[in-house]
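Good morning, colleagues. Please have the sequence and the structure open while I go through the pockets, the cores and the confidence of the model.

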Amino acid sequence: MIRVTNWDQLIRDGDEDCRAGEVELRDIARGFAGALFVSLPLLFTMEMWAVARTIPDWVLLVFLGVSFTFNKLYLDFAGFRRCAWQRSKWWDAVIVMGIGVITSLVTLVVTGTIKPGIDLYLGVKLVGIETMATSLGASVAINQLGSGDSSDDAKVSSADLKVLVGSLLGGFLFALNIAPTMEPKVIVLQQNWYLTGATLLLSLAVSYLTVALAAFDDRDLSKRKIVNSEWFEALVAYLVAFAISSMLLWVFGFATPLDPIQVWLPQAIALAYVTALGGAAGRLIL
Amino acid sequence: MNEMSEIRSDDHEAACTAETEQTYSPTIAGWAARLVSLGLMVTLISAIAYQAVQPDTPVRFSSRIQQEDIRPNGSEYLVPVEMVNEGSQTALNVKAEVVVAGRMTEIEIPMIGQQEAVTYVVTAPQAPKSVTHRIVSYEAP
């Protein structure tokens, strides 16, 4: 049975009672704002337009599926609603994907990237690749632009799991801005193996510094059973960052672990520097 | 009345706390957002999946002159030549030679996707009726 909340039903939105219809529209508007705020740079990035022309169809489909799942996770901890007045986060994940499609399509059209004579399939792939980023922006809108969030702290019962989830979500969000670009590859061409090793150590150090040393917030490691030291947390977080970097390099066609190790490993380490920092921010926020 | 307001206020506060079980269904706008978003995603994924199961065709170029846009430039003519990639794969760093009214011009196309058209303007001694091209090289996808 389909249930519909009356438009005039009063809902708590922040500190005031508002009509449910108005809150709904406001939530969706927040989603659009978050989508653009986080992902407009990627809509203006030529490498993303190029990736749309080269990414294999099945990779794009898989990554859209991964994005949908990540969006659901982001909605668990941030979201576009100030108050969690609707239960289904999976439906909200569908909505942020829709917001992502519309935001991407409108921006690509007004910037002339999608022109009237463009091949339909190419246009679809352009929208698809950009939707990954714009939908992600919509799913963290409140966290990026507002105060409070519709997260439910009870969902992550394990303190150890929070380390993994924070590293995963924060790292993915941050690295997505860099992963499509040529710069990690260019950086690797400028490096030798000593600099690559130094990058790896720097990534660990930055992750440790940001979370443990800088002490942005009080941390209680006694609740953890496995990841119960700062250095071990930095190591685990780096491994998550490395995995995310490898996945992003594969999606954007730069390298896979099936390539020679001299090709993919330095690129993964270079990008993991970015991902590790994003993961550190994710762990601070969670 | 005041008690009712308090009860209502409590209900609304309850809707915003993590511990409450009381949540609301979407409004009409919310349902519209759900259905439109679902429709867009199904369309997007179906279009990509449909293309994914089509057989691959190799990179193949066609060229034509945009007759309506030819314009004189001093004693010569500026001739727009449209190159189309009729294959299903993207070609990178394409080098081609186009011959217009007997004059050969080299062109380079950094990237051209499936069914994508790129227009180059070349000079010709007279207004041509046709164009031929020769692909010198391109980077395979």
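Helix 2 of chain A supplies the largest share of the lining of the second largest pocket, four residues. Helices here are DSSP runs of H or I with at least four residues, strands are runs of E with at least two, and both are numbered from the N terminus. A pocket is sought on a 1 Å grid over the protein atoms alone, as an open set of points where a 1.4 Å probe fits, with protein on both sides within 12 Å along at least five of seven lines; a cavity is a set from which that probe cannot get out, and lining residues have an atom within 4 Å of a point.

I should say at once that this is a predicted model, in which local features need pLDDT of at least 70 and side-chain atom pairs count only at pLDDT 80 or more, while totals for chains, interfaces and linings use all residues. Residues are numbered from 1 along each chain as its sequence is written, chains are lettered from A and ligands numbered from 1 in the order in which they are written, and side-chain values use heavy atoms, with hydrogens and water left out.

The second largest pocket has a volume of about 560 Å³, a volume being the space filled by probe spheres set on grid points that are joined across faces, edges and corners. Its lining counts 17 residues, and A:R53, A:T113, A:K115, B:M111 and B:E116 are the closest to its centre. Besides helix 2 of chain A, strand 5 and strand 6 (117-124) of chain B each give two or more residues to this lining. By class, the lining holds eight nonpolar, five polar and four charged residues. Ala, Val, Leu, Ile, Met, Phe, Trp, Tyr, Cys and Pro count as nonpolar, Asp, Glu, Lys and Arg as charged, and the others, Gly among them, as polar.

Which element gives the most to the lining of the largest pocket? Again it is helix 2 of chain A, with seven residues. This pocket encloses about 1,000 Å³. Of its 40 lining residues, A:R53, A:T54, A:I55, A:P56 and B:P141 lie nearest the centre.

I turn now to the interior. The largest nonpolar core has 56 residues, with A:L248 and B:L44 among those that have the most contacts inside it. Such a core is a set of buried Ala, Val, Leu, Ile, Met, Phe, Trp, Tyr and Cys residues joined through side-chain atoms within 4.5 Å, where buried means under 20% relative accessible area with a 1.4 Å probe and protein chains only. Leaving aside residues up to four places away in sequence, A:L248 touches A:F63, A:F172, A:A175, A:L176, A:A179 and A:L271; contact means heavy atoms within 4.5 Å.

The whole structure has one cavity of 30 Å³ or more, with a volume of about 40 Å³. Helix 1 of chain A gives the largest share of its lining, three residues. That lining has six nonpolar and two polar residues, and no charged ones.

Chain B has two helices and seven strands, and 36% of its 141 residues count as buried.

Finally, confidence. Chain A averages a pLDDT of 89, on the predictor's scale from 0 to 100 for each residue. Among the elements of chain A, helix 6 (residues 141-145) has the lowest mean, 77, and helix 4 (residues 89-110) the highest, 95.

Notes. Buried < 20%, exposed > 50% of the residue type's maximum accessible area, 1.4 Å probe, protein only.
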